[in-house]
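Colleague: Could you take a close look at one part of this model for me, the empty spaces and the nonpolar surface, and describe how they are made up?

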Amino acid sequence: MTHHIVNFLRGALVHYGYWAIIATLLLENAGLPLPGETALLLSSFLAYSERDLRLGWIIVAGTIASALGCSFGYALGYYGGRPLLDGIQRVFQIKRDSIARGEKLFEDYGGVTILFSRFVFGMRVLAGPIAGTLRMPWKQFAAFNVLGAMLWVTVVSCIGYFFSSRWNLQIGRASCRERV
């Protein structure tokens, strides 16, 4: 199953480029459980190996899409309230205690939760809707949302790019040894 997802993403990234990154991250951060990290890692891997994508543009497109998606999730939570959150929980079969833990984090740490939720898959998907449902002040949400999006996209993309360069070096060395 994972192999099919990666092949699908690779095909989408090769064919649609930045638009595939934007669509995946926008929808994931709005509340759909999509493979955002995989899309970023794979796109930055392709940026190193095939040069059709550029790391800087991946970071720009990913940051904008992530911030807009999470803002959309916030609006859904704000206007949809508890019924929306309960619906998300039912549809995606999220445990009630996971949402309760998320709400507790928001109550205890506020906007900082938005920043760090980017690095936790389940929390990243729910961060916007929970923040909206809990009526986090918009300015506070927006500041931590954009900062978190920039940090998360940059870190994940750079990790993919770095490891791609190391992987290609290892393959290059192995093929050189085979020729000798």
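Modeller: I will start on the surface, with one residue of a nonpolar patch, and then turn to the spaces. In this predicted model, Leu-151 has a relative accessibility of 37% and therefore counts as partly exposed, since that class lies between 20% and 50%. Leu-151 is part of helix α8, and it belongs to a nonpolar surface patch of about 660 Å², in which it is joined by Leu-41, Phe-119, Val-120, Val-155, Ile-159, Phe-162 and Phe-163. Helix α8, which spans residues 138-179, is the element that gives the most to this patch, with five residues.

Now to the open spaces. Rolling a probe the size of a water molecule over the atoms shows where empty space is left. The largest pocket holds about 180 Å³ of space, and of the 13 residues that line it, Ile-94, Ser-98, Gly-122, Met-123 and Leu-126 are the closest to its centre. Two helices, α5 (96-109) and α7 (121-133), each supply at least two residues of this lining, and the largest share, five residues, comes from α7. Sorted by class, the lining of the largest pocket consists of eight nonpolar, four polar and one charged residues.

The second largest pocket has a volume of about 150 Å³, and its lining is made by Ile-5, Phe-8, Leu-9, Ala-12, Tyr-16, Ala-20, Ala-23, Thr-24, Leu-27, Leu-34 and Pro-35. Here the elements that give two or more residues are α1 (2-16) and α2 (18-30), with α1 providing the largest share, five residues. By class, the lining of the second largest pocket divides into ten nonpolar residues, one polar residue and no charged ones.

Finally, there is the enclosed space. A search of the whole structure for cavities of 30 Å³ or more finds one, and the largest cavity has a volume of about 40 Å³. Its lining is formed by Leu-13, Val-14, Leu-46, Glu-50, Asp-52 and Leu-53, which divide into four nonpolar, no polar and two charged residues. The charged residues in that lining are Glu-50 and Asp-52, because Asp and Glu are counted in the charged class, while Leu and Val are counted as nonpolar.

Conventions. Residues are numbered from 1 along each chain as its sequence is written. This is a predicted model: local features need pLDDT of at least 70, side-chain atom pairs count only at pLDDT 80 or more; totals for chains, interfaces and linings use all residues. Side-chain values use heavy atoms; hydrogens and water are left out. On a 1 Å grid over the protein atoms alone, a cavity is a set of points where a 1.4 Å probe fits but cannot get out, and a pocket is an open set with protein on both sides within 12 Å along at least five of seven lines; lining residues have an atom within 4 Å of a point. Grid points are joined across faces, edges and corners, and a volume is the space filled by probe spheres set on the points. Helices (H or I, at least four residues) and strands (E, at least two) are DSSP runs, numbered from the N terminus. Patches are made of residues with over 30% relative accessible area and no salt bridge: like charges are joined within 9 Å, nonpolar side chains (Val, Leu, Ile, Met, Phe, Trp, Tyr) within 5 Å. Accessible areas come from the Shrake-Rupley method with a 1.4 Å probe; for residues, only the protein chains shown count as cover. A salt bridge is a side-chain nitrogen of Lys or Arg within 4 Å of a carboxyl oxygen of Asp or Glu. Buried means under 20% relative accessible area, exposed over 50%, partly exposed in between (1.4 Å probe, protein chains only).
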